Number of protein chains: 8
Amino acid sequence: RRRGVPEAILADGKTPSEVAELATTAVETAGRAIVTRVDDDHAGAVQRRLDADHPDADVRVRTRANVLVAHAPTFEPPEVNATVGIVSAGTSDAIPAGEAAVIASEMGATVEEIHDVGVASLVRVLDEVDALRAADALVVAAGREGALPTVIAGLVDTPVIGLPVSNGYGHASDGEAALSGMLQSCTVLSTVNIDAGFVAGGQAGLIARAVGAARERDGERE
Amino acid sequence: RRRGVPEAILADGKTPSEVAELATTAVETAGRAIVTRVDDDHAGAVQRRLDADHPDADVRVRTRANVLVAHAPTFEPPEVNATVGIVSAGTSDAIPAGEAAVIASEMGATVEEIHDVGVASLVRVLDEVDALRAADALVVAAGREGALPTVIAGLVDTPVIGLPVSNGYGHASDGEAALSGMLQSCTVLSTVNIDAGFVAGGQAGLIARAVGAARERDGERE
Amino acid sequence: RRRGVPEAILADGKTPSEVAELATTAVETAGRAIVTRVDDDHAGAVQRRLDADHPDADVRVRTRANVLVAHAPTFEPPEVNATVGIVSAGTSDAIPAGEAAVIASEMGATVEEIHDVGVASLVRVLDEVDALRAADALVVAAGREGALPTVIAGLVDTPVIGLPVSNGYGHASDGEAALSGMLQSCTVLSTVNIDAGFVAGGQAGLIARAVGAARERDGERE
Amino acid sequence: RRRGVPEAILADGKTPSEVAELATTAVETAGRAIVTRVDDDHAGAVQRRLDADHPDADVRVRTRANVLVAHAPTFEPPEVNATVGIVSAGTSDAIPAGEAAVIASEMGATVEEIHDVGVASLVRVLDEVDALRAADALVVAAGREGALPTVIAGLVDTPVIGLPVSNGYGHASDGEAALSGMLQSCTVLSTVNIDAGFVAGGQAGLIARAVGAARERDGERE
Amino acid sequence: RRRGVPEAILADGKTPSEVAELATTAVETAGRAIVTRVDDDHAGAVQRRLDADHPDADVRVRTRANVLVAHAPTFEPPEVNATVGIVSAGTSDAIPAGEAAVIASEMGATVEEIHDVGVASLVRVLDEVDALRAADALVVAAGREGALPTVIAGLVDTPVIGLPVSNGYGHASDGEAALSGMLQSCTVLSTVNIDAGFVAGGQAGLIARAVGAARERDGERE
Amino acid sequence: RRRGVPEAILADGKTPSEVAELATTAVETAGRAIVTRVDDDHAGAVQRRLDADHPDADVRVRTRANVLVAHAPTFEPPEVNATVGIVSAGTSDAIPAGEAAVIASEMGATVEEIHDVGVASLVRVLDEVDALRAADALVVAAGREGALPTVIAGLVDTPVIGLPVSNGYGHASDGEAALSGMLQSCTVLSTVNIDAGFVAGGQAGLIARAVGAARERDGERE
Amino acid sequence: RRRGVPEAILADGKTPSEVAELATTAVETAGRAIVTRVDDDHAGAVQRRLDADHPDADVRVRTRANVLVAHAPTFEPPEVNATVGIVSAGTSDAIPAGEAAVIASEMGATVEEIHDVGVASLVRVLDEVDALRAADALVVAAGREGALPTVIAGLVDTPVIGLPVSNGYGHASDGEAALSGMLQSCTVLSTVNIDAGFVAGGQAGLIARAVGAARERDGERE
Amino acid sequence: RRRGVPEAILADGKTPSEVAELATTAVETAGRAIVTRVDDDHAGAVQRRLDADHPDADVRVRTRANVLVAHAPTFEPPEVNATVGIVSAGTSDAIPAGEAAVIASEMGATVEEIHDVGVASLVRVLDEVDALRAADALVVAAGREGALPTVIAGLVDTPVIGLPVSNGYGHASDGEAALSGMLQSCTVLSTVNIDAGFVAGGQAGLIARAVGAARERDGERE
Ligand SMILES: Nc1ncnc2c1ncn2[C@@H]1O[C@H](COP(=O)(O)O)[C@@H](O)[C@H]1O
Ligand SMILES: Nc1ncnc2c1ncn2[C@@H]1O[C@H](COP(=O)(O)O)[C@@H](O)[C@H]1O
Ligand SMILES: Nc1ncnc2c1ncn2[C@@H]1O[C@H](COP(=O)(O)O)[C@@H](O)[C@H]1O
Ligand SMILES: Nc1ncnc2c1ncn2[C@@H]1O[C@H](COP(=O)(O)O)[C@@H](O)[C@H]1O
Ligand SMILES: [Mg+2]
Ligand SMILES: [Mg+2]
Ligand SMILES: [Mg+2]
Ligand SMILES: [Mg+2]
Ligand SMILES: [Mg+2]
Ligand SMILES: [Mg+2]
Ligand SMILES: [Mg+2]
Ligand SMILES: [Mg+2]
């Protein structure tokens, strides 16, 4: 049985009732629904529908991340003995970073969030070096010029996954400068697409899973 | 003491004697020189220089990967109790894939190479699923449309690092189509820049290091 | 007399009444109106106008494809003794795939639709190989990284027309990654512009027409 | 048994002796070697190697197309009862057009080549309309602004495969303008990547195969 | 005194009252206001303002071109003894083509408009050759693949100004394919920016002015 | 009989002997050969071949423009009663500007060349205003930021054809910045592709032809 | 203590109440809030919130620049003995130019604004040469082809900071042509991102600060 | 008399003898020749020519910067009482950084060069903060992801001019990622084109000139 990255429903571009339908089915078949990029209408529709059909389901919305998660009472969340660090600089990084945090968490990893760490004030970065080194995998979200993952990867030996964020204006905005900078980074890191918090969190979750499994005595991957 | 990704010398754009100078210094200070993107002139110059100054150094060139590695006799290579799989489809992937293999290996990981696995003949991919699942991290190199990492990530729960390779001709050639496809992948994977075998191997090595450390009894990261 | 791809009216960017006017004229002169990229307002206006002026016309809207087709009672649809397969992966491919299906069908081909075939779950693709091989021409719609036409073209000898779909976010979104991947495909296939279901269906219809004509005993193209 | 597009060896980027090795193996295993994008050194090396090892092989080089084909004496070429038309405007289209012609021919189709048909002198196009309509599939090569496939597709009901050619200078040169124009064409046609004569010829060959099979009495595809 | 291209007010991005203010000033100082890219609000505001302040001004709106022209009663329009032809293919070309027509006309040229001339039905183009040759300068508007100016420039010796129009969808849409095709044209023509009807009409007007001045007996440019 | 832009042979990408062959044929059939983008080998081959076959032909090479022109003794050059001004800023503009000058001259126009007019020293531009105004059409070549045609078009009512030149380095080099600037110009001008001196000269020649014909008493275009 | 570029709040993409919250905090902690890219809702929310909490604060909105500045009564603005010139061509440059003016002013520089200086009417530029030379640093805003900073930098020895403005339509619009032109300028100037009035003003302010400090007798930078 | 940025000769794309000619003229008329982007042949030709014609000239080549400077014995270099700091990370930044250093120096500024300051080892950056703050203007060269100017601008109040360097491979290489990152920087800095050391040095020189003039007692700019 595969125990990797969970399925998620991308609400963006779907109607509230379509999303409610898909989320209900997911709760019924997989015991869990994860819905990303929800707006208030999507979240409301899902919540009303689950209230009606599955009043015992546990429904949570992480608003700044635009993610909704519903667990059936019987759902047994995976447990992973490893930590994922989620690093972000400012408010505009909150949505993708939060999306990554939810996914890694739903995959069973312990999630440590480290916010307000910007490359323009290095002292904040240096203050957090110990926390950064304590994680088994790091997701580092950054918009504008996207230099933060490079700076952090230069300070730690933890695998860093760069998460470019779409913001800014003008030339190479919408995350293109950040993506380019992470791909051209003079340190070692891998990257995901712009705003792809789901993918970054999933990849960090897979690393945590591998580390956690190794940490369990048998030393064998499940 | 940092024990992560080793320094490497990028020979491309340097003269043979500059490279020989840098490699000798690396052998003297770090006990090891890793030189990427060497041509025959670079490799010859390094070898002659080390023959003269450090005749006891162990110098190896992986020709298809254009990488040269020299170890001082006193060099103690790191040992990591984990495996990195390096997957490639065809001859044009050999250089970046080989570069990744050398780096992961120099970081102490056991490296398994799986070649001739192309998306146009799925049966070869399916034949290798067990080998793919046995690795702790996978680097999957692919040029042209770059679909291979997507197909493989759909089959395994191992973290997959896509390595886009510059080949082909016409629109979106030189690896751009492959990079775009990996970033837009409908599965979970992270990616590195086009032809960045050094980065892909380094990132896979960092994951292997984390897993290997966890596999050692204490369960603490070094 | 030309019997090839029928004229269609592109509703997008026209007002409902302009579209109603053009559709009525088409019904009057050609016996048929095909309107693509209609929204509810366009469809309503056409339907009301035809109800008034041509109450005997047969008007159908394929909602998920945003296509409206109206036939005058005297319209004699072409008959083509050949099959076009339309393959899609998910809900976001529905509009262009449906547009292609309507056009091929209006050109007289038998249309077989094969949905929910995604590259991330290869087993679904393999399950459909016989159906895929049974078609005389295939339109394969795919968004994101657009790998599906490549995978299918590797399994069949039927001509495959890749139909890139605009979805996703971030770098090379809006179908550019899918288009690039189809152009760089390591198998043999041809492609059309992003979301150009009309063109893909028309080209598949032309192939079906040629095959169907050959299948009629005389072996001559009409 | 698959009888579709034959394997081909892309000489570009390989050494003459690598190409000679691959060609010899192809002759031994498949009875035929098709090598595209050969220069004089590649062709010479293949010819010398086959002269030595397989002196009975039939080796032909189509110089303007940079394609070499070798048949073992036992090789039975496929026979397809259908015609592929290859249209080109000028000397700079010769290589991709010739590549397409060789592939379609090796797939068994009858190939009709129609040259010197440029959009700037329409009368030449109009003179060839009957020849264009007689083909079962058309490959239309065009560089610069790439308008020729659009003009031709407006005149015939044969499936047209646009083959953009890399030439010109300045903005959108190297075939990008031609590719864009074919994708945006206001007629129905499909396209392949810039200079991808192999793909265009292969796709035309697949259509010809389907038509030819239908033309054989049984009306069933093989 | 300069008698060349008149000043115009670009309404797009300005408020109705700003535009009304600027138009009134233009009528007062230059005797004429030309306002391009007006919507209904802009046009209404200008008309009300001029009704109030300059009730004797002659105000005309060319709706399909989104241009408003107001003449003070004292305004003496320039007279140019030459003809500008404005060619367009379909409804989506109407706005830029109409903008060009208004400007050339306001510069004093006789304007001949030739519509519904599409490259997909060559016979319409050929039918109009005499009219095309009769003009002293031609503006040829075209969207999608933008082949029309190339085809026309191959038929006439009149200077052709290509006017790329933003329409279509997918790769190289919004007029980029049309612009690229005109720049790469295998005939001789010059081009202006996408949708720049004002510039195309102004340039054609300048040519007409030069020709018209030459046509006046003295043979001297004014 | 068409009397417009003459045919020219583009030497770039052809072998010296191919070019010599084409040039000889042109001299024999049209009485004139114009060969653009010749290097020394092309020019030498043409000259030797014409010396042998047509020793009475008049062969001239404009070296800084890389253009060769050969006239048969019977060739009667067209005469046009109008002037084309060719403006350039510096040495890197010489090739396209010279190409334009040769073509306009071969079309019969009087050509005035105005060099060393750069936007960074406005006084030079202002000094030449009278010469600029005296021309019937202006070709203004400019590389780097390409501001010169904009500045000049602001000073004259002559039709200006911007000719972007490929030079510079870094972002938007190879003439892309110059082309963009001309398309976005806040004055009225039309443009041609980067380095397309042939097209700019041809378009200026067509305008000169129209003006010249009007200047002849009858006032009718030929 | 750092006395350089002040912090600013980018209102775009934040809700009015978020902005009001951040502005209030800034007034409380730094004695000043600068908010850029405010719309009426943002400005209203900030004003109401400060009216309630800090009725003695001095709040000003520069509407054409979309900037709001609030000073606590205790705030001591920096004083810089130097002048920044802000140059713009037209109304569409007003927002970024105004943003630059506010920032330079808030940094303590004397700000001279010079408007309606367009490259298409050189005489206006020449009229202002003395004013331009009197400044210690110049910010020159320009959209469309962005030639103005190049023309001005050719006339003065003051450091010029080009500020590309997003306007226009068609190819290279949204400021890309202007940015490219400034980067490729044949004079010496530096540039900032498109519409980055904040950055241009900040950089000019830093230069003014350095000059002003030098002007104070001690000749030491603070 | 203008005393700003000196003229320089760009050797790249010119023949050695053309460059020698231009350099000699510059020495004769301006007392100084600055030649950038020289290779050995250019440098040799200039040196031989000046040895012959102006044996008393002082000729220096800064090899790593590919710049040659020649002073006539009568040349009086400008003196500027201010310092320009030139910062670079690695060997590939040497050429543009050196070019900037030479220009600033020739403009009379004191130049301080600070090398081997890379963003991947922050400690080196922090070590240099005092030196960085001591300069009146900073040129910061950086290739790959170009993060260094951002990091430095966050630490100092000196005006920073980012100088993107073309290196790296893959997506956004050749300095595009570095340029994008500097334009999108979350700190305040201005930038120049990729590899435009001449422009960066010239702009820094202009700032130094302004500061130096202010530092002279009168406090007036010359
Ligand atoms: N093939 C490679 N791809 C990416 N980075 C590399 C490669 N080889 C070496 N590097 C890194 O590039 C940096 C610059 O190398 P160098 O130019 O030799 O100073 C070093 O940090 C190396 O670790
Ligand atoms: N969805 C579509 N995609 C591409 N072309 C279309 C589409 N719908 C209609 N067309 C074609 O677009 C052309 C222009 O349509 P119209 O704008 O309605 O005059 C016609 O030749 C149609 O056949
Ligand atoms: N330098 C040039 N730039 C653009 N078009 C050219 C140039 N030289 C020749 N041509 C045209 O390019 C076309 C193709 O030339 P060829 O490749 O010689 O058959 C002919 O119509 C020529 O008139
Ligand atoms: N208009 C602007 N352009 C560029 N940067 C800005 C602008 N306004 C504010 N900033 C800076 O953007 C950064 C992020 O602002 P915020 O999103 O409010 O946290 C701060 O460092 C501001 O100084
Ligand atoms: Mg690290
Ligand atoms: Mg997986
Ligand atoms: Mg196939
Ligand atoms: Mg057709
Ligand atoms: Mg013509
Ligand atoms: Mg003008
Ligand atoms: Mg200057
Ligand atoms: Mg700073």
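Biologist: What is the area buried between chain B and chain C, and what does buried area mean here?

Modeller: About 2,100 Å² is buried between chain B and chain C, with 64% from carbon and sulfur atoms. Buried area is the accessible area (1.4 Å probe) that two parts lose on being put together, summed over both. In chain B, the residues losing the most area to chain C are B:Leu122, B:Glu145 and B:Gln184, together 31% of what that side buries. This is a predicted model, where local features need pLDDT of at least 70, side-chain atom pairs count only at pLDDT 80 or more, and totals for chains, interfaces and linings use all residues. Side-chain values use heavy atoms, with hydrogens and water left out; residues are numbered from 1 along each chain as its sequence is written, and chains are lettered from A and ligands numbered from 1 in the order in which they are written.

Biologist: How many salt bridges are counted between chain B and chain C?

Modeller: Zero. A salt bridge would need a side-chain nitrogen of Lys or Arg within 4 Å of a carboxyl oxygen of Asp or Glu.

Biologist: What makes A:Ala153 and A:Val156 donors to the magnesium ion (ligand 5)?

Modeller: Their O atoms lie at 2.1 to 2.3 Å, and donors are N, O and S atoms within 2.8 Å of the metal (3.2 Å for Na, K and Ca), so both qualify. Water is not among the atoms, so the site may look incomplete.

Biologist: Why is A:Val156 called buried?

Modeller: Because its relative accessible area is 2%, and buried means under 20%, exposed over 50%, partly exposed in between (1.4 Å probe, protein chains only). A:Ala153, at 10%, is buried too.
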